[in-house]
Amino acid sequence: MQLVYEESGEIRAATVISSSGSGDSESWLVASLSGKQLKLKAKEVWLRFEQPSAQIAIDAAAVVAQEIDLQLLWDCAPAEEFIFTDLAIEYFGNAVTVAQKIALAIALQGAPIYFRRKGRGRFLRAPLEQLQAGLAAIERKKTELAQQACWADELVAGIFPSGLRNQINNLLFTPDKNSLAYKAVLAACATVGETPAQLFMRCGALESPLHYHQGLFLQQHFPHGVTHASGLSIAPHALQEALANLPEAPVQAFSIDDASTTEIDDAFSVSAISGGGFRIGIHIAAPALAIHRDDAFDQIARTRMSTVYFPGDKITMLPPDFIQQFSLDAGFSRPAVSLYVEVDAEGELTAASPRSVIELVSIAANLRLEDLEKLVSAEMLEEHAGKERTLAAPFQMELGVLWRTAKIFHAQRQAQRVVNGLRAEPLGPAEPGALARDFLFEITGAVGAEQIEIIPRQRGSVLDTVVAEWMIYCNSTWGRLLAEQGLPGLFRTQKGWGPLRTRMQTTPAPHEGLGLEYYAWCTSPLRRYTDLVNQWQLLAIIRHGVMAKMVAPFPPRDADLMGIAADFEACYQVYGEYQDRLEKYWCLRWLLQNNLPTAITVRHLKEGMARAEFIPLHLPIPELASHGRLTRAMIEVTAVDLLQLTASTRVKEIEALVDVATVSTATDGIPKINDETANP
C-alpha cells in the first residue's frame with residue numbers, strides 16, 4: 001500500500017512496510033522515496049492507494065499540478081470547508097485518478113493566496129477581497145523584480161539608472177539591504193565582479209575616489225553636513241558680559257604655529273623681572289567664558305568632540321564666527337586663561353608657585369613655523385638668551401628664555417621615563433632621513449585635477465621643543481591643580497602596556513610615557529572638547545578657590561563626565577583613522593602624479609608593513625616580514641587603486657639592517673590629533 005502525507009509543508013508519498021492497530025489508532029512503518037524509514041499515524045495520512053507505486057504517482061502528480069488553473073479551482077471550490085479529494089472530483093470529474101488527487105493536494109498546499117489550510121487535507125477558499133489583494137501583491141512583486149533586473153542590466157552596461165540618482169549616497173554608505181535598488185546593485189556587482197564603489201565609478205555616479213572616502217566618513221559622522229547651524233553666533237551683550245571686568249595683562253604675547261592654523265589656542269609672553277630672572281606667561285584662549293554647559297555651543301562642541309584634521313582642509317569643532325572671537329590672533333586683545341611662572345637667568349623655575357589668572361591678553365604677533373624655523377637654531381638662542389633682541393629672528397630674546405627652560409623640562413621628563421622603565425628620548429631633531437617627520441600636504445588645482453606637493457619636515461626642531469615642552473608643562477600643572485582641589489576633569493593617562501595603555505579618565509593618574517604624575521589636556525579648548533571641559537573646571541578653581549566644587553559645571557562623581565571621556569576616545573580614534581585614510585589617498589595620488597616612481601625607499605616596521613622614507617605612506621611588503629625592524633628596501637610601485645587605497649609593489653633591493661639606535665621612529669604625518677607630544 002502507498003500513503004500520501006505532508007512533511008515540512010511538502011506533499012510526499014511513501015510505501016508501507018508494516019502496519020499496526022486499526023481505525024484512528026492505526027499506524028504504519030513506511031519507506032519514503034528517499035529510502036528513509038519513518039512511522040506515520042492515521043491522523044497524518046492524507047490518502048491511501050494500492051497502485052501505482054509511490055514514485056510513479058508523485059512524479060505524475062507533479063506534472064499535473066503545474067497544469068491546474070488555480071483561479072478555476074477557486075471558482076469550483078465550495079464556500080465552506082472541504083476535503084481535497086472532494087474538490088478533485090469536482091475539478092477532474094468522477095474518473096479522477098490517484099495522480100490527479102495528489103496533484104490537487106499539491107496545488108492546494110502551494111496556493112496559500114487562494115486557499116487556507118484548515119487541517120489534514122482540508123481547506124477553505126480565501127475570501128474574494130483577500131484573494132484580490134494577494135494577486136495584486138504578486139503582480140506588484142513581478143513588476144518590482146522586472147525593475148530590479150532592468151536596473152541591474154543598466155549598471156552592468158555602465159549606465160547609472162536615472163531612478164537611482166537620488167539614492168547614490170544611501171546605496172554606497174547606508175544601504176537598505178532589503179530594497180530593490182540595493183539588490184540590483186548587488187546583482188550587478190556579482191555579474192561584473194566589482195565592489196559597489198567600483199561599479200558606481202564606472203557608471204559615472206561617483207565623481208572621484210576622493211568623494212567616496214569623504215562621503216563614507218561624512219555620512220557616518222556628519223550626516224547633516226559639516227557646516228554649523230546658520231544664525232548661531234554670540235550675542236554682543238553676551239560677549240561683553242563674558243569679558244566684563246577682565247584685567248588687561250601687562251604683556252605682549254606671541255604665538256607659534258604653522259601657516260595653516262586658524263584656531264590659535266596658545267601664546268607666550270616673557271617679561272624681565274628684578275634679580276635677572278623672567279616671568280613667563282602661557283596664555284590659553286578662553287572660550288569657556290562664553291560657552292556654558294548644555295547651551296547651543298556646548299551641544300555642537302560635544303557632538304563633534306574635536307576639530308577634524310585631514311590634508312587640504314579641516315572640519316572645525318566650533319563655528320568659525322565663534323572661533324574668530326576667541327582665537328589669539330595678532331593685533332587683538334583676547335580673553336585668556338594664563339599660567340605665569342618665574343625662572344632665573346639659567347632657566348630654572350624659582351620657588352614661587354605657578355599662578356593662574358583670567359585676563360585679556362594683547363597678541364603682538366602670530367609667528368609661523370615655516371618662516372621662523374630657518375632662522376632659529378639652538379646655538380643662536382644660547383648665544384643671545386637674556387640679551388637684547390637682535391634682528392636675527394623676531395622675539396629672539398623671548399625664544400631664548402623659553403628654550404632654556406624647555407630643555408630643563410625635557411631632561412626632567414626623560415629622567416622620570418627612565419625610572420618608569422622606558423628609554424629616554426633625545427632632545428632635538430632626529431638624524432636626517434629618519435622616520436620622525438611631519439608632512440605638509442599642499443593641494444592645489446581644480447577638483448579632479450589637483451596637484452599634490454608633500455613637503456617633509458624633520459620633527460624635533462628648537463621651536464617644536466619650545467612649544468611642546470611648555471604646553472606639556474601647562475597641561476601637567478593644571479592637571480595637578482585639578483587633582484589637588486579634588487575636582488574631576490578629563491585626565492590623559494598612560495600606564496602599563498596593551499590596547500588601553502593610554503586613555504582618558506576622570507580621575508588623575510600618571511602619564512608614564514611623558515614622565516608626568518598628572519596630565520590633563522587644557523591647552524586647545526578651541527579644537528578639543530576635553531580641553532574646553534577642563535577649562536570650565538579651571539575657571540571655577542581660579543574664581544572660587546576651595547568653593548569650586550560647589551559651582552563647577554562638573555561636580556565630583558559626575559556620571560556625565562565619564563560618558564564624555566568614553567565618547568571622546570571613540571570619536572578621536574575615528575577622526576585619526578580618517579586623517580590617516582586621506583593621507584594615504586593623497587600619497588597614492590602623488591605616486592600617480594609622478595608616474596609611479598620606479599625607486600622608492602621604504603623602512604620595514606613590523607610583520608611585513610613598511611613606510612616610505614619621504615612620504616607618509618604605509619605599504620605591505622611581504623618580502624620584508626622576515627627581516628629586522630627598520631630594514632631599508634628599494635621598491636617599485638607598479639599599480640595603484642585609489643578606491644581600495646592599495647598599491648602593488650615589487651622589491652628591487654633589500655639593504656642591510658641599519659643601526660636602530662640612530663633612527664627615531666616617532667609618530668609621523670601632519671601633527672596627529674592623537675599624538676601626545678606633537679600636539680600636547
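Where along the chain is Ser-8 found? Ser-8 sits in the loop between strand S1 (2–7) and strand S2 (10–20). Helices (H or I, at least four residues) and strands (E, at least two) are DSSP runs, numbered from the N terminus.

Before going on, here is some background. This is a predicted model, where local features need pLDDT of at least 70 and side-chain atom pairs count only at pLDDT 80 or more, while totals for chains, interfaces and linings use all residues. Residues are numbered from 1 along each chain as its sequence is written, and side-chain values use heavy atoms, with hydrogens and water left out.

**Confidence**

pLDDT is the predictor's confidence in each residue, from 0 to 100. The chain averages 87, and 93% of the residues score at least 70. Over residues 659–678 the pLDDT is below 50, although this stretch has 64 contacts in the model beyond near neighbours in sequence. A contact here means heavy atoms within 4.5 Å. Where pLDDT is low, the predicted coordinates should not be read in detail.

**Unusual backbone spots**

Most residues other than glycine have a negative phi, and most peptide bonds are trans. Ser-8 is not a glycine, yet its phi is positive, at about 55°. Leu-630 is another residue other than glycine with a positive phi, near 70°. Its place is the loop between strand S22 (618–620) and strand S23 (632–641).

How much of each residue can be reached from outside? Buried means under 20% relative accessible area, exposed means over 50%, and partly exposed is in between (1.4 Å probe, protein chains only). Here are some residues from this report:

| Residue | Relative accessibility | Class |
|---|---|---|
| Ser-8 | 71% | exposed |
| Pro-52 | 30% | partly exposed |
| Asp-558 | 14% | buried |
| Leu-630 | 1% | buried |
| Gln-537 | 0% | buried |
| His-283 | 0% | buried |

Pro-52 has its own backbone quirk: the peptide bond from Gln-51 to Pro-52 is cis, with omega near 0°. You'll find Pro-52 in the loop between strand S5 (45–49) and helix H1 (54–67). Not counting residues up to four places away in sequence, Pro-52 touches Gln-2, Ala-57 and Val-98. Leu-40 is 12 residues from Pro-52 along the chain, and their C-alpha atoms are separated by 20 Å.

**Two buried side chains**

His-283 belongs to strand S11 (residues 278–285). Its side chain makes a polar contact of 2.7 Å with the side chain of Ser-338. A polar contact is a pair of N or O atoms within 3.5 Å; within protein, one must be able to donate a hydrogen and the other to accept it, and residues adjacent in sequence count only if both atoms are side-chain atoms. His-283 and Val-361 are 78 residues apart along the chain, but their C-alpha atoms are separated by 7.6 Å.

Gln-537 is part of helix H17 (residues 529–544). The side chain of Gln-537 reaches the backbone oxygen of Pro-488 at 2.9 Å. Leaving aside neighbours within four places in sequence, Gln-537 is in contact with several residues, including Leu-482, Pro-553 and Phe-554.

**Helix H19 and its cap**

What caps the N-terminal end of H19? Asp-558 does, with a side-chain oxygen 2.8 Å from the backbone nitrogen of Asp-560. Asp-558 lies in the loop between helix H18 (548–551) and H19. A polar atom of the Asp-558 side chain also lies 3.1 Å from the backbone nitrogen of Leu-561. In addition, the side chains of Asp-558 and Arg-293 are joined by a polar contact of 3.4 Å.

The expected span of a helix is 1.5 Å times one less than its number of residues. Helix H19 (residues 559–593) has 35 residues and should span 51 Å, which agrees with the 51 Å between its end C-alpha atoms. Just after H19, Asn-595 takes a positive phi of about 60°.

**Helix H15**

H15 has 24 residues and reaches 35 Å from its first C-alpha to its last, close to the 34 Å expected. Because 17 of its 24 residues are buried, H15 is largely enclosed by the rest of the structure. Gly-421, just after H15, takes a positive phi of about 90°.
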